[in-house]
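Subject: Structure to look at

Hi,

Here is the structure I promised to pass on. Have a look at it in your viewer first, and then read my notes below.

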Amino acid sequence: GLGRPAALDAAKEALAKIPESPPTAARALLLNQVAAAHMLDGRFDAAIPVARQAVEVALASGDREVEMRAYNVLGPSYVHNDEIEAGFAAFEKSRQLAQADPRLTVGYYINYSDSLNLLGRYEEAVELARSGIAQAAEIGMARNTGAMLAGNAAEPLVSLGQWAEAGRLIKDAIDLDPPPRHIWHLLTLYALLKLLKGDLESARELLGEVRAQQAGRAIDSQHAVTRAHVEAQLAVEEGDLE
């Protein structure tokens, strides 16, 4: 979670120490951690079969929380893999399993709103992310999951042209001093917003801050690609086509 290298290796090493039979909650948890690491790194073909295993083991061991989390990994993995209906079915299963626990529901809001944004369903993405922000605040998670959801709301708001509201959400979330991965996303989005407004200097400074914060960290693909995308747009605006 701190963006340190070898997290996936550590999870795999732990997984190798736990027998496949009988199914246990510990094995289900580790399978889901491996699947989630693959998902965050953009390796959706690798994430899907491991997340399916996590669902099976969680179901067999009676771990409802890990089962929910595994479906929440399957949802975006399927969507990114262009298996939209399977993704939506996984999200619905995730929602049903999370219903009694607001702490789990915010995780559903995060991944589902991101997938809706990916599919260009911007208004739905904003509405869902806002619901998640409110729930995160109610249960004392505004600084971490709430900040992530602020980014998930701001991103489609930028696409909708609602730049003032997107900027407000980003700034409020940054002021909470969120954990590293969340702040990277927020600062990169803020750089994109400055770029779209023609403030190239501020965009450049914000991207520099992101690079400085990511130095020495293990950067998963969702953050690396987002930063590269904004840096490329900035380079075009500055006339640096190479």
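What follows is a walk through the things I found in it.

One thing to keep in mind: this is a predicted model.

**Aromatic rings**

Let's begin with the rings. A pair of aromatic rings is described by the distance of the centres and the angle of the planes. This structure holds five aromatic pairs. Take Phe91 and Tyr108: their ring centres are 6.5 Å apart and the planes meet at 70°, and since an angle over 60 degrees counts as edge-to-face, that is what this pair is. The two partners come from distant parts of the chain, with Phe91 in helix H5 (residues 84-98) and Tyr108 in helix H6 (residues 102-118), 17 residues apart.

Are these two rings buried or exposed? Phe91 has 0% relative accessibility, so it counts as buried. Tyr108 is buried as well, because its relative accessibility is 7%.

Tyr108 also pairs with Tyr109, and here the arrangement is tilted, with 5.7 Å from centre to centre and 50° between the planes. Tyr109 has 14% relative accessibility, so it counts as buried. If you step back a little, you can pick out one aromatic cluster made of Phe88, Phe91, Tyr108, Tyr109 and Tyr112.

What else does Tyr108 touch? Leaving aside neighbours within four places in sequence, Tyr108 is in contact with Met68, Asn72, Phe91, Ser94 and Arg95. You can also check the backbone: the C-alpha atoms of Tyr108 and Glu92 are separated by 9.2 Å, and these residues are 16 apart along the chain.

**The nonpolar core**

In soluble globular proteins, nonpolar side chains tend to be buried together. In this model, the largest nonpolar core has 72 residues, and Leu74, Tyr112 and Ile170 have the most contacts inside it. Which helix gives the most to this core? Helix H10 (residues 180-196) does, with ten residues.

Tyr112 should look familiar from the aromatic cluster. With neighbours within four places in sequence left aside, Tyr112 is in contact with Phe88, Phe91 and Leu128.

**Two helices side by side**

Now turn to H3 and H4. Two packed helices are described by the angle between their axes and the distance between the axes. For helix H3 (residues 44-61) and helix H4 (residues 64-80), the axes come within 8 Å and cross at roughly 155°. An angle over 145 degrees counts as roughly antiparallel, so that is how H3 and H4 run relative to each other. The crossing of H3 past H4 is left-handed.

Quite a list of residues meets here. On the H3 side they include Phe44, Ala47, Ile48 and Ala51, and on the H4 side they include Val66, Tyr71, Leu74 and Ser77.

Ile48 is a good one to click on. It sits in helix H3 and counts as buried because its relative accessibility is 6%. Not counting residues up to four places away in sequence, Ile48 touches Leu74, Ser77, Tyr78, Asn81 and Glu83. The C-alpha atoms of Ile48 and Pro76 are separated by 9.7 Å, with their positions 28 residues apart along the chain.

**A buried glutamine**

Next, find Gln214 in helix H11 (residues 200-214). Is Gln214 buried or exposed? Gln214 has 5% relative accessibility, so it counts as buried. Its contacts, not counting residues up to four places away in sequence, are Trp184, Ile219, His223 and Arg227.

**Backbone oddities**

Last, a few places in the loops. Most residues other than glycine have a negative phi, and most peptide bonds are trans. Against that background, look at Ser21 and Pro22, which are joined by a cis peptide bond with omega at about -5°. Pro22 is in the loop between helix H1 (7-16) and helix H2 (25-40).

Then there is Asp82, with a positive phi near 65°. Asp82 is in the loop between H4 and H5, and with a relative accessible area of 63% it is exposed. Asp177 has a positive phi too, near 55°. Its place is the loop between helix H9 (163-175) and H10. At 54% relative accessibility, Asp177 counts as exposed.

Enjoy exploring!

Terms used
Residues are numbered from 1 along each chain as its sequence is written. This is a predicted model: local features need pLDDT of at least 70, side-chain atom pairs count only at pLDDT 80 or more; totals for chains, interfaces and linings use all residues. Side-chain values use heavy atoms; hydrogens and water are left out. Rings of Phe, Tyr and Trp (its six-membered ring) pair if their centres lie within 6.5 Å; planes under 30 degrees apart count as stacked, over 60 as edge-to-face and the rest as tilted. Helices (H or I, at least four residues) and strands (E, at least two) are DSSP runs, numbered from the N terminus. Buried means under 20% relative accessible area, exposed over 50%, partly exposed in between (1.4 Å probe, protein chains only). A nonpolar core is a set of buried Ala, Val, Leu, Ile, Met, Phe, Trp, Tyr and Cys residues joined through side-chain atoms within 4.5 Å. Contact means heavy atoms within 4.5 Å. Axes are lines fitted to C-alpha atoms, for helices over the stretch in contact, and angles run from 0 to 180 degrees between N-to-C directions. Angles under 35 degrees count as roughly parallel, over 145 as roughly antiparallel, 65 to 115 as roughly perpendicular and the rest as oblique. A crossing is left-handed if the near helix is turned anticlockwise from the far one by less than a right angle, and right-handed if clockwise.
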